[in-house]
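Please look through the sequence and the three-dimensional picture below before reading on. The paragraphs that follow lead you from the overall fold to a few chosen places, and each term is explained where it is needed.

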Amino acid sequence: MSRNESHTSNSSHNDENGSDSHDGTNTATIPTSTAPTATTQSPYKLYDFGIVNGQVTQVLKTEHGVMKNERIDANEAYTVQGTEVVKTETKAYGQEVTRYVDLDGDGLYAKFSEQWLPSTSAASGGTAPVTTQPLYDRGGDSDDHLAVRAGQDPALGGQGADTFVVRDWGHVTIGDFHHNQHDRLVFDMGQGVNSVQELAQRVTDLRWQGDDLVLEMGDQASVTVVGARVNGIGLEDLDVLS
Ligand SMILES: [Ca+2]
Ligand SMILES: [Ca+2]
């Protein structure tokens, strides 16, 4: 299977990570940096790309069993690369590259990574994201960078010192934050929130919900850290970038 993308991230991931071994039905060649994610892809949303002559002509998204047509906007481009579909979305200060993979060849793709590529004229002052390395939807045993987005399954880092990067000003959930594993919680939303103090000004409620910690920022945004009472989390685990 040919593949020509260049992954520039660290190569600390390996194929033995995390999940149970597959019984040979998975023939896709996954770049080493994606291995932890691709074997445990989230079933929350599945995409059916209408591919005609190597071009994506329509995008059908299935969410909780409900399928709907996703409009391809003028600032979005889709390309087919082997078993992957790569979406490039051009924004004010750069491009958001989202990768989807169809591991078992059934025609349904799941998102497994995203990457922010700022343009040379990228704005300073926190109005664009800072983190430029690939962020994955699932982690494995190594130190992973996870994309934390609204409308997705809770982000799971697995073992290792994982960095959970909150990318949405929305309602997000982190499934397995562990202070003792040196996991980190990073706010990088491109919302002009550049310090813990500025974030604190937007926090309208901070409460325990059972063992979960809920940080609420008005009606529009919240971060739920599952099991935080048991697994630990503190201000020292926090970075606020944008
Ligand atoms: Ca991990
Ligand atoms: Ca971890």
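Helices (H or I, at least four residues) and strands (E, at least two) are runs assigned by DSSP and numbered from the N terminus, and two strands are said to pair if DSSP finds at least two bridges between them. What you see is a predicted model, in which local features need pLDDT of at least 70 and side-chain atom pairs count only at pLDDT 80 or more, while totals for chains, interfaces and linings use all residues. Residues are numbered from 1 along each chain as its sequence is written, chains are lettered from A and ligands numbered from 1 in the order in which they are written, and side-chain values use heavy atoms, with hydrogens and water left out.

By this assignment the chain holds 3 helices and 16 strands. A residue is called buried when its relative accessible area is under 20%, exposed when it is over 50%, and partly exposed in between (1.4 Å probe, protein chains only); of the 242 residues in the chain, 45% are buried. Contact means that heavy atoms lie within 4.5 Å, and among the contacts between residues at least 6 apart in sequence, 42% join residues at least 24 apart.

A good place to begin is one of the sheets. Three strands, in the order E1-E2-E3, form an open sheet with antiparallel pairing. Strand E1 (45-52) and strand E3 (66-70) are at the edges and have a single partner strand each, so one side of each lacks a neighbour in the sheet. From one strand to the next the twist averages 25 degrees, where axes are lines fitted to C-alpha atoms (for helices over the stretch in contact) and angles run from 0 to 180 degrees between N-to-C directions. Strand E2 (residues 55-63) is joined to E3 by 5 bridges, and Leu 60 stands opposite Asn 69 in E3.

Tyr 109 belongs to the loop between strand E6 (94-101) and strand E7 (110-118). Is Tyr 109 buried or exposed? With a relative accessibility of 8%, Tyr 109 counts as buried. Although Tyr 109 and Leu 46 are 63 residues apart along the chain, their C-alpha atoms are separated by 5.5 Å. Leaving out residues up to four places away in sequence, Tyr 109 touches several residues, including Leu 46, Tyr 47, Phe 49, Val 85 and Tyr 100.

A second loop residue, Arg 167, is placed between strand E10 (163-166) and strand E11 (171-174), and its relative accessibility of 6% makes it count as buried. Apart from neighbours within four places in sequence, Arg 167 is in contact with a set of residues that includes Glu 96, Glu 114, Trp 116 and Asp 188. A polar contact (a pair of N or O atoms within 3.5 Å; within protein, one must be able to donate a hydrogen and the other to accept it, and residues adjacent in sequence count only if both atoms are side-chain atoms) of 3.2 Å joins the side chains of Arg 167 and Glu 96. A polar atom of the Arg 167 side chain also lies 3.2 Å from the backbone oxygen of Asp 188.

In a regular strand the side chains alternate between the two faces of the sheet. In E11, Val 172 and Ile 174 make up a covered face, whereas His 171 and Thr 173 make up an uncovered one. E11 runs parallel to strand E15 (residues 221-225) and is joined to it by 4 bridges, with Ser 222 in E15 as the bridge partner of His 171.

The last stop is the pair of calcium ions. Donors are N, O and S atoms within 2.8 Å of the metal (3.2 Å for Na, K and Ca), and since water is not among the atoms, sites may look incomplete. The calcium ion (ligand 1) is coordinated at 2.2 to 2.9 Å by donors that include Gly 140 (O), Asp 144 (OD), Gly 157 (O) and Gln 159 (O). Gly 157 is buried, at a relative accessible area of 0%, while Gln 159 is partly exposed, at 48%. For the calcium ion (ligand 2), the donors lie 2.3 to 2.8 Å away and include Gly 158 (O), Gln 181 (OE1) and Asp 183 (OD). Gln 181 counts as buried at 18% relative accessibility, and Asp 183 counts as buried at 1%. Which residue bridges the calcium ion (ligand 1) and the calcium ion (ligand 2)? Asp 162 does, and the ions lie 4.8 Å apart.
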